[in-house]
Amino acid sequence: MRTLLDRVPAWWSSWSLPRRIAVVAVLCAAAVLGAVLAVTATRGPAPVAVPPLAPTPTGPSTPTNPSTPAAPSAPTGALSPLTGLPGGAGRILAVKVDNALPARPQTGLGSADVVYAIEVEGGLSRFLAVYDSDHLPPGDRIGPVRSARESDLPILQQYGRVDFAYSGALTRFLPVLAAADVVNASPEQDASAFLRGSDRAAPYNEYMVPSAVLARFPDSAPAQDVGFRFGDAPPGGVATATATARMPSASFTFTWSAAEGRYLVAFDGKPALSTDGGQLGAPTVVIQEVAETTSPRGFMDSPGVLSPYAPTEGSGAATVLRDGRAYQGSWSRPDAAAGTSFTFDGQPMPFHPGPVWIVLEPAAP
């Protein structure tokens with residue numbers, strides 16, 4: 001039987017030892033390199049690191065959120081029922097936003113399709129901001145978020161069963177909210193969609209992530225007709241550069257800017273700024289006079305002090321501001337299931353396409 005040494009070629013035996021070592025080293029290196037290339041080919045290219053998102057103006061970091069389901073494509077020529085602008089009807093998110101002095105400037109308010117200003121305790125004001133899921137704030141933040149009020153629910157009935165984001169409420173009001181035809185989306189239902197900022201003290205530092213709320217509460221109704229009509233301005237009206245709506249301890253001044261094609265908003269005589277979009281404003285402003293009263297359910301903000309209540313069913317006077325002119329007309333909403341119609345000179349009053357601000361101003365006694 002031949003041994004392994006007998007099988008070694010003669011030319012190999014004739015080589016010097018250093019030459020043999022060099023050849024073996026080259027062959028081993030080639031084998032290792034081949035193995036590495038084979039493994040790389042089966043695994044694919046190395047992953048590329050994705051940098052984290054930059055912080056937004058509100059300061060706090062963004063919690064991890066599921067993706068918001070995409071809305072279906074809008075049919076060609078479709079217009080939003082809330083703004084009259086081209087686009088489909090995304091799902092609705094309503095958010096209760098604070099307007100106390102320590103809550104200013106707000107975040108995300110300038111992206112709302114419709115903003116309602118409503119009287120709260122002490123004659124101050126708070127906002128109910130309505131968003132279409134297709135028009136969320138670029139920074140994905142809204143706030144400061146505060147507690148719900150009794151006046152909010154009748155307003156929201158016009159919009160269908162929608163996501164309603166707020167933070168807390170009077171203890172006696174909580175069962176009413178739970179039974180209401182809204183999708184309650186407060187921190188009590190899912191705290192992960194809310195966060196605290198570090199730039200101001202509680203309770204004026206709570207913000208919500210709209211994409212997260214819409215993803216976690218996906219059954220909100222799409223935008224629908226709530227009574228608004230859009231189109232060219234009618235003949236008439238009065239040239240009006242500035243108009244002011246008042247509550248007992250709050251005021252809203254709207255100044256026409258021809259350069260921007262909208263009314264710029266001031267709160268209590270000072271420009272209403274936002275953290276993410278400059279001064280607030282809208283091409284259409286409605287000063288809707290309501291028969292301000294107190295809570296129908298007897299809710300109290302403090303012992304012996306009934307909560308204010310702004311009724312939005314019925315009818316009353318309304319001033320529509322658009323294109324630098326004021327149109328003195330009226331509003332009407334026959335019942336809770338109906339939308340609110342606005343008229344001027346006996347005809348539907350068209351709004352200028354774009355966001356709408358509505359101030360529920362207490363009517364004079």
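## Aromatic pairs

F230 has a relative accessible area of 24%, so it is partly exposed. This is a predicted model. F228 is at 5% relative accessibility, so it counts as buried. The line between the two classes is drawn at 20% relative accessible area. F228 falls under it at 5%, whereas F230, at 24%, does not.

The protein holds 14 aromatic pairs. One of them joins F228 and F230. Their ring centres are 6.5 Å apart, and the planes meet at 80°. That angle makes the pair edge-to-face, because planes over 60 degrees apart fall in that class. F342 and F351 make another pair, with 5.6 Å between centres and 50° between planes. This pair is tilted. Both F342 and F351 are buried. Ring pairs also build a cluster from F127, F252, F267 and W357.

## Overall build

The protein has 365 residues, and 45% of them count as buried. Its secondary structure consists of five helices and 25 strands. The exposed area is about 17600 Å². Carbon and sulfur atoms account for 61% of that area.

How are the contacts spread along the sequence? Take the contacts between residues at least 6 apart: 64% of them join residues at least 24 apart.

## A buried residue in strand β1

A94 sits in strand β1, which spans residues 92–98. Is A94 buried or exposed? It is buried, because its relative accessibility is 0%.

Which residues touch A94, leaving aside neighbours within four places in sequence? The contacts are L128, A129, V130, L156, D163, F164 and A165. A94 and D152 are 58 residues apart along the chain. Their C-alpha atoms are separated by 9.6 Å.

## Cavities

Rolling a probe the size of a water molecule over the atoms shows where empty space is left. Here the count is two cavities of 30 Å³ or more.

The largest cavity holds about 80 Å³ of space. Its lining is E119, V120, E121, R149, E150, S151, L170, F173, F299, D301, S307 and P308. By class, that is five nonpolar, two polar and five charged residues.

The second largest cavity holds about 70 Å³. It is lined by Y116, I155, Q158, V226, F228, Q288, T312, T340, F342, I358 and L360. Seven of these are nonpolar and four are polar. None is charged. Two rings from the aromatic pairs return here: F228, paired with F230, and F342, paired with F351, both belong to this lining.

## Largest pocket

How much space lies in the largest pocket? The volume is about 160 Å³. L101, R104, P105, Q106, F267, D268, K270, P271, A272 and L273 line it. The lining has six nonpolar, one polar and three charged residues.

F267 is a member of the ring cluster with F127, F252 and W357, and is also part of the pocket lining. Another lining residue, D268, has an unusual feature in its backbone record, taken up next.

## Backbone details

D268 has a positive phi, near 50°, and is not a glycine. It lies in the loop between β11 (262–267) and β12 (270–271). Its relative accessible area is 36%, so D268 is partly exposed.

D345 also carries a positive phi, near 55°. Its place is the loop between β23 (341–344) and β24 (347–348). D345 counts as exposed because its relative accessibility is 70%.

Where are cis peptide bonds found? One joins G143 and P144, with omega about 0°. P144 is in the loop between β3 (125–132) and α3 (152–157). Another joins A202 and P203, with omega about 5°. P203 is in the loop between β6 (194–196) and β7 (206–208).

Definitions and conventions. Residues are numbered from 1 along each chain as its sequence is written. This is a predicted model: local features need pLDDT of at least 70, side-chain atom pairs count only at pLDDT 80 or more; totals for chains, interfaces and linings use all residues. Side-chain values use heavy atoms; hydrogens and water are left out. On a 1 Å grid over the protein atoms alone, a cavity is a set of points where a 1.4 Å probe fits but cannot get out, and a pocket is an open set with protein on both sides within 12 Å along at least five of seven lines; lining residues have an atom within 4 Å of a point. Grid points are joined across faces, edges and corners, and a volume is the space filled by probe spheres set on the points. Ala, Val, Leu, Ile, Met, Phe, Trp, Tyr, Cys and Pro count as nonpolar, Asp, Glu, Lys and Arg as charged, and the others, Gly among them, as polar. Helices (H or I, at least four residues) and strands (E, at least two) are DSSP runs, numbered from the N terminus. Buried means under 20% relative accessible area, exposed over 50%, partly exposed in between (1.4 Å probe, protein chains only). Contact means heavy atoms within 4.5 Å. Accessible areas come from the Shrake-Rupley method with a 1.4 Å probe; for residues, only the protein chains shown count as cover. Rings of Phe, Tyr and Trp (its six-membered ring) pair if their centres lie within 6.5 Å; planes under 30 degrees apart count as stacked, over 60 as edge-to-face and the rest as tilted.
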